[in-house]
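Subject: Handover of a structure, with notes on what was found

Dear colleague,

Please find below the structure that I am handing over to you. My notes on it follow directly after.

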Amino acid sequence: MRLSNLADYAVVLMSAAARQCGSVPIHAGMLAEQTGIPGPTAQKLVSQLARAGLLVASRGTGGGVRLARPAAAISVADIIEAVEGPIALTSCVAEGRHDCSLEGRCKVQPHWGVVNGAVRGALAEISLATLSVAPKNNPFVSSEVETPGNSARTMGLSTSLEANGIL
């Protein structure tokens with residue numbers, strides 16, 4: 001799974017906005033300058049994030065955008081979903097989608113909801129506040145070689161996956 005550039009940029013942009021601590025509104029152009037995100041892209045993302053309720057925009061002198069709620073109350077999942085829509089690893093977990101050629105005979109399909117929930121849950125546990133400060137120790141990066149079994153443990157997914165008999 002790979003995030004789109006827009007979702008990646010949205011996380012970077014929101015992190016820059018969070019570092020302002022909501023003290024003063026900041027313009028999309030200033031966020032673009034701080035992050036290196038192209039100006040038109042930053043403006044598009046600011047609009048999307050405001051529509052999703054993650055940023056609040058104010059017009060006029062002293063206007064700009066600020067976080068709609070504290071950085072600790074905004075998750076990486078919130079930001080990704082604001083840009084990408086609901087997190088769905090496969091089409092069979094996307095609500096209302098029934099376009100899989102294996103539907104009805106796939107033995108894995110009943111488990112994708114659990115896997116999708118674990119990934120979304122892991123992203124939901126990472127707050128914007130966490131991303132807005134320099135990491136002391138990154139629990140998601142390991143110097144040891146990861147195997148498929150301990151990769152999920154490193155990401156904190158083992159509990160729900162093991163509980164559902166997937167690992």
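R120 counts as partly exposed, because its relative accessibility is 27% and thus falls between the limits of 20% and 50%. Please note that this is a predicted model. The side chain of R120 forms a salt bridge with that of E81, with N and O 2.9 Å apart. E81 is likewise partly exposed, its relative accessible area being 24%. This salt bridge joins distant parts of the chain, since R120 belongs to helix α5 and E81 to helix α4, with their positions 39 residues apart.

The count of salt bridges comes to two. Besides the pair just described, R69 and D78 form a salt bridge, in which the closest N and O atoms lie 3.2 Å apart. D78 has a relative accessible area of 23% and is partly exposed; R69, at 31% relative accessibility, is partly exposed as well.

Overall architecture

The protein chain contains eight helices and two strands. Along the sequence, their order is α-α-α-β-β-α-α-α-α-α. Of the 167 residues in the protein chain, 30% are buried. Among the contacts with a separation of 6 or more, 63% are between residues 24 or more positions apart.

The nonpolar core

The largest nonpolar core comprises 33 residues, and those with the most contacts inside it are M14, L49, L55, L67 and I79. At least two residues of this core come from each of α1 (5–19), α2 (28–35), α3 (39–51), β2 (64–67), α4 (76–84) and α5 (109–124). The greatest contribution is that of α1, which gives seven residues.

M14 merits a separate look. Which residues does M14 contact, leaving aside its neighbours within four places in sequence? The partners of M14 are L49, L54, L55, L67, I74, I79 and L128. Four of the names on that list recur among the residues with the most contacts inside the core, namely L49, L55, L67 and I79.

Helix α3

The length of α3 agrees with expectation: at 1.5 Å a residue, its 13 residues should span 18 Å, and its end C-alpha atoms are 18 Å apart. The expected value is 1.5 Å times one less than the number of residues, which means that the step is applied to the intervals between residues.

The buried residues of α3 are A42, L45, V46, Q48 and L49. Because these residues cover an arc of only 165° around the axis, they lie on the same side of α3. In general, an α-helix has 3.6 residues a turn, so residues three or four places apart point the same way. The face turned away from the buried side of α3 carries the exposed residues P40 and R51. What do the buried residues of α3 pack against? Their partners are α1, α2, β1 (55–58), β2 and α4.

Q48 is a residue of helix α3. Is Q48 buried or exposed? With a relative accessibility of 15%, Q48 counts as buried, because this value is under 20%. Apart from its neighbours within four places in sequence, Q48 is in contact with A82 and V83. Just after α3, G53 adopts a positive phi of about 85°.

The strand pair

β1 and β2 pair in the antiparallel sense, over four bridges. Within this pairing, A57 stands opposite V65 in β2. The hairpin of β1 and β2 has five residues between the strands, and in it G60 takes a positive phi near 90°.

E84 in helix α4

E84 is found in helix α4. Its relative accessibility is 41%, so E84 counts as partly exposed. E84 touches S4 and A7, when residues up to four places away in sequence are not counted. How far apart are E84 and S4 in sequence and in space? The two are 80 residues apart in sequence, and their C-alpha atoms are 8.1 Å apart.

Yours sincerely

Terms used: Residues numbered from 1 in each chain as written. Predicted model: local features only at pLDDT ≥ 70, side-chain atom pairs only at ≥ 80, totals over all residues. Heavy atoms only, no water. Core = buried A, V, L, I, M, F, W, Y, C linked by side-chain atoms within 4.5 Å. Buried < 20%, exposed > 50% of the residue type's maximum accessible area, 1.4 Å probe, protein only. Contact = heavy atoms within 4.5 Å. Salt bridge = Lys/Arg side-chain N within 4 Å of Asp/Glu carboxyl O. Arc of directions from axis to C-beta. Pairing = 2+ DSSP bridges.
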